[in-house]
Amino acid sequence: MDSAIHSVDTYPLKGRKVLLRLDLNVPISGKGENRKIDDDTRIREALPTIKYCLEKGAKLILCSHLGRPDGKRNPEFSLEPVAKHLAAALDTEVLLSDDCVGDGVHQIIHHSKERVILLENLRFYPEEEANDPEFSRELARLADLYITDAFGTAHRKHASTYGVPSIMSEAGAGFLIKKELDYLSRLIENPPHPFVLVTGGSKVTDKLKAIDNLLNFVDKIVVGGAMAYAFLAAEGKNIGVSKCEKEGVAAAAQILAKAKSRKVEILLPVDHQIVFPEKDANFTSPSRIDDIPAGAMALDIGDRTIKKFSDAIGSARTIFWNGPMGFFEKEQFLAGTKAIAHAIAKNDGIKVAGGGDTLSAIAVCGEEAGFNLLSTGGGASLKFLEGRGLPGIEVLKGKGAPVKTMYNIEGDFS
Ligand code: ADP
Ligand code: MG
């Protein structure tokens, strides 16, 4: 079977209706009339595919989820602010359809002069998350072809991410997914060596499966952030009252053992920025120390660690970074994350970063331009790196291949 994924630019679009699944799940604050978008990154990331389809003459039926309305209509989760924002960004009218399926939507699609229609929040329907076949058929009937650019939801087997493309013969990926896959797949298919995984953040258990699979490809793993204390605890070191999940220590021990058998070097912090929360509740006077004493909480890596980690990063040809090096949200614990962001950015190999907090840390440090890919995927990028494929991507494989007709000379007419 053809396992290629067709990208949007391989399809004829003129005069055709495209159902475009996007991840427009942006953070919104305020209530009622005052709901406002706090960060429009996801909307901006969706624009290239939307603009391309419009330029090529398609009629667009956009769809997305927003938050967790749990299968019920709820105005607090309406996509209305998104429709307004999109209209301004595209400088064109965007019609918001109250329904996702049914006669009303067909009327709108057939009779409206607007070329961009946005369906209301898919998760107003319990059928969406249940991947209901009838709901999928109804959505599929709205358009001639299906394109997805919703990388952040590609790990979900929902009606709009999986059910619809599995029944439509023409289905493909938009430019955002194409960019994500171009770089993420290089990490697990012949990455240039040395490949250094830089990991940190808060939880080992969330990232265990991805690290486990990456152990097959990497040469070194640099561990910072709260995650490092699970590893230090697994090695029997004192971690004071530093943040560490119980299950994380066992997970870390498992990674240490597998790394040893695969000859993957694991680099842990050798010094720390600590505070004594009992005496210094606001964390105002941090100090640098090699070994964490009782009662101390480590909130950033120290200078010697920065040097050790930066040296490993400097010699890498492939780098994947997920997880900040410390409590970077507070200025006094930003230094470790900032130095590591800079060391990665100035490396001239392949540099990919993923994770919501990691991306905001990179933005705080002003190092965005130094990365080949800032993955918008969050959970989806880690799932992809677990190596078992994402349902919303797998379902696109082999779609859109030329259909044999009676005029096809290779056809069998007997
Ligand atoms: P991402 O969203 O990029 O996957 P995580 O959510 O795993 O990253 O971790 C980010 C969080 O980890 C941040 O809020 C950061 O403050 C926290 N963190 C990192 N290091 C420490 C530490 N030493 N102690 C407490 N929290 C930490
Ligand atoms: Mg996070």
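The exercises below work through the ligand site, the enclosed and open spaces, and two backbone features of a predicted model.

**Exercise 1. Determine which residues surround ligand 1, and describe the polar contacts that the ligand makes.**

Step 1. Begin with the neighbours: the shell around ligand 1 holds 18 residues, and the closest of them are S202, K207, E329, D357 and T358.

Step 2. Sort the shell by residue class, which gives six nonpolar, eight polar and four charged residues.

Step 3. Assign the shell to secondary structure. Strand β14 (297-301) and helix α13 (356-365) each contribute at least two residues, and α13 contributes the most, with three residues.

Step 4. Look for pairs of N or O atoms within 3.5 Å, the cut-off used here for a polar contact. In the side chain of D357, an N or O atom lies 2.9 Å from an oxygen atom of ligand 1. On the backbone, a polar atom of S202 is 3.1 Å from a ligand oxygen, and a polar backbone atom of G356 is 3.4 Å from an oxygen atom of ligand 1.

Step 5. Finish with the surface: ligand 1 taken alone exposes 580 Å², of which the protein buries 85%.

**Exercise 2. Establish which pocket holds ligand 1, and characterise the largest pocket.**

Step 1. Place the ligand, which sits in the second largest pocket.

Step 2. Turn to the largest pocket, whose volume is about 870 Å³. It is lined by 34 residues, and those closest to its centre are R42, G356, L359, S375 and T376.

Step 3. Trace the lining to its elements: α1, α13 and β17 (373-375) each supply at least two residues. Helix α13 therefore appears both in this lining and in the shell around ligand 1, given that helices are taken as DSSP runs numbered from the N terminus.

Step 4. Divide the lining of the largest pocket by class, and the result is six nonpolar, 17 polar and eleven charged residues.

**Exercise 3. Count the cavities of 30 Å³ or more, and describe the linings of the largest and the second largest.**

Step 1. Recall how empty space is found: a probe the size of a water molecule is rolled over the atoms, and this shows where space is left.

Step 2. Count the cavities that reach 30 Å³ or more, of which the structure holds three.

Step 3. Take the largest cavity, with a volume of about 60 Å³. Its lining includes L22, D23, R42, E45, A46 and T376, and helix α1 (residues 41-55) gives the most to it, with three residues. By class, this lining divides into five nonpolar, two polar and four charged residues.

Step 4. Continue with the second largest cavity, which has a volume of about 50 Å³ and is lined by L197, T199, K207, A210, I211, L214, F320, N322 and L382. Two or more residues of this lining come from each of β9 (195-199), α8 (208-214) and β15 (318-322), with α8 giving the largest share, three residues.

Step 5. Sort the lining of the second largest cavity, which comprises six nonpolar, two polar and one charged residue. K207 belongs to this lining and is also listed among the closest residues around ligand 1.

**Exercise 4. Examine the peptide bond from H193 to P194 and the phi angle of D91, and locate P194 and D91 in the fold.**

Step 1. Set the expectation: most peptide bonds are trans, and most residues other than glycine have a negative phi.

Step 2. Check the bond from H193 to P194, which is cis, with omega near -5 degrees. P194 lies in the loop that runs between α7 (175-187) and β9.

Step 3. Check D91, which is not a glycine and yet has a positive phi of about 55 degrees. D91 is placed in the loop between α2 (80-90) and β5 (94-97).

Conventions
Residues are numbered from 1 along each chain as its sequence is written. Chains are lettered from A and ligands numbered from 1 in the order in which they are written. This is a predicted model: local features need pLDDT of at least 70, side-chain atom pairs count only at pLDDT 80 or more; totals for chains, interfaces and linings use all residues. Side-chain values use heavy atoms; hydrogens and water are left out. A residue is near a molecule or strand if one of its heavy atoms lies within 4 Å of it. A polar contact is a pair of N or O atoms within 3.5 Å; within protein, one must be able to donate a hydrogen and the other to accept it, and residues adjacent in sequence count only if both atoms are side-chain atoms. Accessible areas come from the Shrake-Rupley method with a 1.4 Å probe; for residues, only the protein chains shown count as cover. On a 1 Å grid over the protein atoms alone, a cavity is a set of points where a 1.4 Å probe fits but cannot get out, and a pocket is an open set with protein on both sides within 12 Å along at least five of seven lines; lining residues have an atom within 4 Å of a point. A molecule sits in a cavity or pocket if more than half of its atoms lie within 2 Å of its grid points. Helices (H or I, at least four residues) and strands (E, at least two) are DSSP runs, numbered from the N terminus. Ala, Val, Leu, Ile, Met, Phe, Trp, Tyr, Cys and Pro count as nonpolar, Asp, Glu, Lys and Arg as charged, and the others, Gly among them, as polar. Grid points are joined across faces, edges and corners, and a volume is the space filled by probe spheres set on the points.
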